[in-house]
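Let's take a walk through this structure together, starting with the whole chain and then stopping at a few places along the way. Keep the viewer open so that you can click on residues as they come up.

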Amino acid sequence: MSIENDYRILEDYVLPPRAPLQTDQYYKYVKPTLEELDAKLEYDMDEEDFAWLELMNEQRTKSGLSFVSYDTFEALMDRFEKECFFHCMSKNFKPLPPELEHQADCAICLDGSSNEENAILFCDMCSLSVHQRCYGVVRVPDEIWLCKRCLHSPAAAANCCLCPCKSGALKRALDGRWAHVTCTFWIPEVSFGDETTREPIMGIELVSSARWKLVCYICSQKNKGACLQCQYSNCNVAYHATCAQLVG
């Protein structure tokens, strides 16, 4: 069945007048002020943020603290990132030179090889180098990337509570303390809330009191974190996870 179009020709139709072209003076870019840029909320939560905030709100509820909404979290993270950036700029921070980017090993597994699916990332503030999977980075940002210590505590000191080592890849625990990803791997009582994102670190309060009292065979320090102990029979050698990693 064919359908014929029903139309008619308007002999007296007049085209509407063409709108006049606008001159360049109508197209003017107004650069936002520093106050406007500072007030603009640019942080967007991802899956890692949602998972972490859910765990945090559970802990806050148990402690009788108020619930942190998504909007509040995004506003806080936006402020943290901007303050960190301003802090870097005020210290005349210079990022890691490009020629050195391929000469660093992962601070967690000590391997320098990488590929597109598991790249080595460099913190744009402290130059920490870590594999994407080792550190639990689900999404690599297009521009600046900061490790968790530089993101959350750029000015204040953040040291591992499980060992005396001052450097390395740190993640935050639910109670606010910091710990190395390496230490978390090796201390039996400690674990990650999410194995993919490697955070938050959980179970520090479960570490046996005996571990805190052991003397590290390598650094000879006592009461400076929790030590592992050799499981070989008749061997009482104790050591921090990072100390053992440093000496191989």
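Buried residues account for 32% of the 248 residues in the protein chain. Please keep in mind that this is a predicted model. The chain holds 8 helices and 8 strands. Its accessible surface is about 17300 Å², and carbon and sulfur atoms contribute 53% of that. If you take the contacts between residues at least 6 apart in sequence, 45% of them join residues at least 24 apart.

Now turn to the interior. In soluble globular proteins, nonpolar side chains tend to be buried together. Here the largest nonpolar core has 45 residues, and those touching the most other members are Ile108, Cys123, Val130, Tyr135, Trp145, Leu162 and Ile204. Several elements each supply at least two residues of this core: the helices α3 (70-90), α4 (132-135), α5 (148-152) and α6 (181-186), together with the strand β4 (178-180). Of these, α3 gives the most, with 4 residues. Where does this core lie with respect to domain 1 (82-154) and domain 2 (157-247)? Both domains give residues to the core, so it lies between them.

Cys123 is a good place to look at the core in detail. Setting aside residues up to four places away in sequence, Cys123 touches Leu128, Trp145, Leu146, Cys147 and Cys150. Trp145 is thus a contact of Cys123 and, like Cys123, one of the core residues that touch the most other members.

From here, move to helix α6, where you will find both Thr182 and Cys183. Thr182 counts as buried because its relative accessibility is 7%, and the cut-off for buried is under 20%. Cys183, at 1% relative accessibility, counts as buried too. What do these two residues touch beyond their neighbours within four places in sequence? Thr182 is in contact with Ala107, Ile108, Ala241, Thr242 and Gln245, while Cys183 is in contact with Cys160, Leu162, Cys163, Ala241 and Thr242. Ala241 and Thr242 appear in both sets of contacts. You can also follow the link to this part of the chain through the backbone: Cys183 and Gln245 are 62 residues apart along the chain, and their C-alpha atoms are separated by 10.0 Å.

Next, have a look at helix α2, which runs over residues 47-62. At 1.5 Å a residue, its 16 residues should span 22 Å, and the end C-alpha atoms are 23 Å apart, which agrees. An α-helix has 3.6 residues a turn, so residues three or four places apart point the same way. Which residues of α2 are buried? They are Glu48, Asp49, Leu53, Met56 and Asn57. Looking down the axis of α2, you would see these buried residues within an arc of 150°, so they line one face of the helix. Exposed on the other side of α2 are Glu47, Glu54, Thr61 and Lys62. Met56, one of the buried residues, has a relative accessible area of 16%. The C-alpha atoms of Met56 and Asp175 are 9.6 Å apart, although 119 residues separate the two along the chain.

The loops offer some backbone details to check. Most residues other than glycine have a negative phi, and most peptide bonds are trans. In the loop between α3 and β1 (120-122), Leu110 has a positive phi of about 65° although it is not a glycine. Leu110 is partly exposed, at 45% relative accessibility. Ser127, in the loop between β1 and β2 (129-131), also has a positive phi, here about 70°. Its relative accessible area is 27%, so Ser127 is partly exposed. For a cis peptide bond, go to Glu199 and Pro200, where omega is about -10°. Pro200 sits in the loop between β5 (191-192) and β6 (201-202).

Our last stop is Val237, in the loop between β7 (228-229) and β8 (238-239). With 30% relative accessibility, Val237 counts as partly exposed. Leaving out neighbours within four places in sequence, its contacts are Tyr217, Leu228, Gln229 and Cys230. Val237 and Tyr217 are 20 residues apart in sequence, and their C-alpha atoms are 6.3 Å apart in space.

Key: Residues are numbered from 1 along each chain as its sequence is written. This is a predicted model: local features need pLDDT of at least 70, side-chain atom pairs count only at pLDDT 80 or more; totals for chains, interfaces and linings use all residues. Side-chain values use heavy atoms; hydrogens and water are left out. A nonpolar core is a set of buried Ala, Val, Leu, Ile, Met, Phe, Trp, Tyr and Cys residues joined through side-chain atoms within 4.5 Å. Buried means under 20% relative accessible area, exposed over 50%, partly exposed in between (1.4 Å probe, protein chains only). Domain bounds come from an automatic or database domain assignment. Contact means heavy atoms within 4.5 Å. Accessible areas come from the Shrake-Rupley method with a 1.4 Å probe; for residues, only the protein chains shown count as cover. The expected span of a helix is 1.5 Å times one less than its number of residues. The arc is that of the directions from the helix axis to the C-beta atoms.
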